[in-house]
Amino acid sequence: MIKLSLLFIYAISLARAWSVDFQDNDRVVLLGNTVIERAQKYGHLETEITLSSGKANMQFRNLGWSGDSVYGHARSYFGPPQEGFDRLKENLTEFKPNVILVCYGAVAAFEGPAGLENFIEGYDRLLDMVTTAAGPREVVLISPPPAESLPAPMPDMTGHNKNLAIYRDAIRNLATKKSFQFADLFAAVGPGATGLTDNGIHYTDQGNQILARLLVKEMKLPESSILSLEGKPATDLRDAIIAKNKLFFFQWR
């Protein structure tokens, strides 16, 4: 009995010790749909990761696409989903990221339990392509954050959050199957959180700042300093990140 208890404590300590292994000169890709694409507009996530990782010369590329699916529906423009899927493969092959943070499921969850099998099948296929095209050192699957129920006439999102929880569990299982890391942003925010979105789904500037801090905490990175790596205020670093993201957005889209 004592041996089993010690093994359990050891397993828990290993789980808590996990953190994303960012390194100097890493190329990091943020991949997903709306919540990822909007992160490039606010710059909080890249700022938090840069400061908390303590690594130098990291390069970030946001390949998020609003409304996209694991099959590439949105990024295919007006062609079949496979065109979008192939376009993403070209992007990843060109950039060759060392670390990829992936967040899908928010759109698919609107289909409820009936759409779960198709989603996971497509996600599995997408991740196979990602590892083949980019050969990343680390892949982190991030659960979508919860939706927010706002006063009428906005809809009650309680039912959708139940679906998001189901998809979150499936994404966690997929991460285990693939031996990838998993970050539970849904639980970190909590389905009862308020004041973070402008329409129940899209997170505001303040909401993105909270998402970034919670995600960094989920990845077990140290709490970031208020100063950037160069000793300048973090706001200066964030401003530079936002400007960079805008230039990259215009270039690749």
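Is Tyr167 buried or exposed? I started my notebook with that one, and Tyr167 turns out to be buried, at a relative accessible area of 0%. A reminder to myself before going on: this is a predicted model.

**Entry 1: aromatic pairs**

I searched the whole structure for aromatic pairs and got seven. I looked up two of them in detail.

I took Trp65 and Tyr77 to begin with. Their ring centres are 5.5 Å apart and their planes stand at 90 degrees; edge-to-face pairs are those with planes over 60 degrees apart, so this pair is edge-to-face. I find both Trp65 and Tyr77 in the loop between strand 2 (59–62) and helix 5 (81–95), with twelve residues from one to the other. I then checked how much of each is accessible: Trp65 has 8% relative accessible area and is buried, whereas Tyr77, at 42%, is partly exposed.

Next I went back to Tyr167, which pairs with Phe119. Here the centres are 5.3 Å apart and the planes make 50 degrees, and the pair is tilted. This pair bridges distant parts of the chain: Phe119 belongs to helix 6 (residues 116–134) and Tyr167 to helix 7 (residues 158–178), 48 residues apart. Phe119 is buried too, with a relative accessibility of 4%. Buried means under 20%, so Phe119 qualifies.

I also noted a cluster: Trp65 and Tyr77 join Phe248 and Trp252 in one aromatic cluster.

**Entry 2: charges over rings**

Which residue has its charged end over the ring of Trp65? I found Arg253 there, 3.5 Å from the ring centre. I logged a second case at Phe85, where Arg125 lies over the ring face at 4.0 Å from the centre.

**Entry 3: the nonpolar core**

I turned to the largest nonpolar core, which has 40 residues. The members that touch the most others are Leu31, Leu92, Phe119, Tyr123, Leu126 and Leu141. So Phe119 comes up again, in the tilted pair and in this list.

Which elements give two or more residues to this core? I wrote down strand 1 (27–32), helix 5, strand 3 (99–103), helix 6, strand 4 (138–142), helix 7 and helix 10 (234–252). Helix 6 gives the most, with nine residues. The general background is familiar: nonpolar side chains tend to be buried together in soluble globular proteins.

**Entry 4: other residues of helix 6**

I wanted to see helix 6 from its accessible side as well. Glu117 is in helix 6 and is exposed, at 65% relative accessibility. From Glu117 to Tyr167 I read 9.9 Å between C-alpha atoms, with 50 residues separating the two along the chain.

Asp128 is found in helix 6 as well, and with 39% relative accessible area Asp128 is partly exposed. I paired Asp128 with Lys178: 50 residues apart in sequence, 9.1 Å apart C-alpha to C-alpha.

**Entry 5: cavities**

How many cavities of 30 Å³ or more does the whole structure have? My search gave four, and the largest has a volume of about 130 Å³.

I listed what lines the largest cavity: Val35, Ile36, Ala39, His44, Leu45, Cys103, Ile142, Leu185, Asn208, Leu211, Ala212 and Leu215. Helix 2 (34–37), helix 4 (44–53) and helix 9 (205–218) are the elements that give two or more residues to this lining. Helix 9 has the largest share, four residues. Sorting the lining by type, I get ten nonpolar residues, two polar and no charged.

**Entry 6: backbone**

Where is there a cis peptide bond? I found one joining Ala152 and Pro153, with omega about 15 degrees. Pro153 lies in the loop between strand 4 and helix 7.

I also noted positive phi values in residues that are not glycine. Asn25 has a phi of about 70 degrees and sits in the loop between helix 1 (2–17) and strand 1. Its relative accessible area is 45%, and Asn25 counts as partly exposed. Ser179 has a phi of about 60 degrees, and its place is the loop between helix 7 and strand 5 (181–183). At 66% relative accessibility, Ser179 is exposed.

Notes: Residues are numbered from 1 along each chain as its sequence is written. This is a predicted model: local features need pLDDT of at least 70, side-chain atom pairs count only at pLDDT 80 or more; totals for chains, interfaces and linings use all residues. Side-chain values use heavy atoms; hydrogens and water are left out. Rings of Phe, Tyr and Trp (its six-membered ring) pair if their centres lie within 6.5 Å; planes under 30 degrees apart count as stacked, over 60 as edge-to-face and the rest as tilted. Buried means under 20% relative accessible area, exposed over 50%, partly exposed in between (1.4 Å probe, protein chains only). A charge sits over a ring if NZ of Lys or CZ of Arg is within 6 Å of the ring centre and within 35 degrees of the ring normal. On a 1 Å grid over the protein atoms alone, a cavity is a set of points where a 1.4 Å probe fits but cannot get out, and a pocket is an open set with protein on both sides within 12 Å along at least five of seven lines; lining residues have an atom within 4 Å of a point. Grid points are joined across faces, edges and corners, and a volume is the space filled by probe spheres set on the points. Ala, Val, Leu, Ile, Met, Phe, Trp, Tyr, Cys and Pro count as nonpolar, Asp, Glu, Lys and Arg as charged, and the others, Gly among them, as polar. A nonpolar core is a set of buried Ala, Val, Leu, Ile, Met, Phe, Trp, Tyr and Cys residues joined through side-chain atoms within 4.5 Å.
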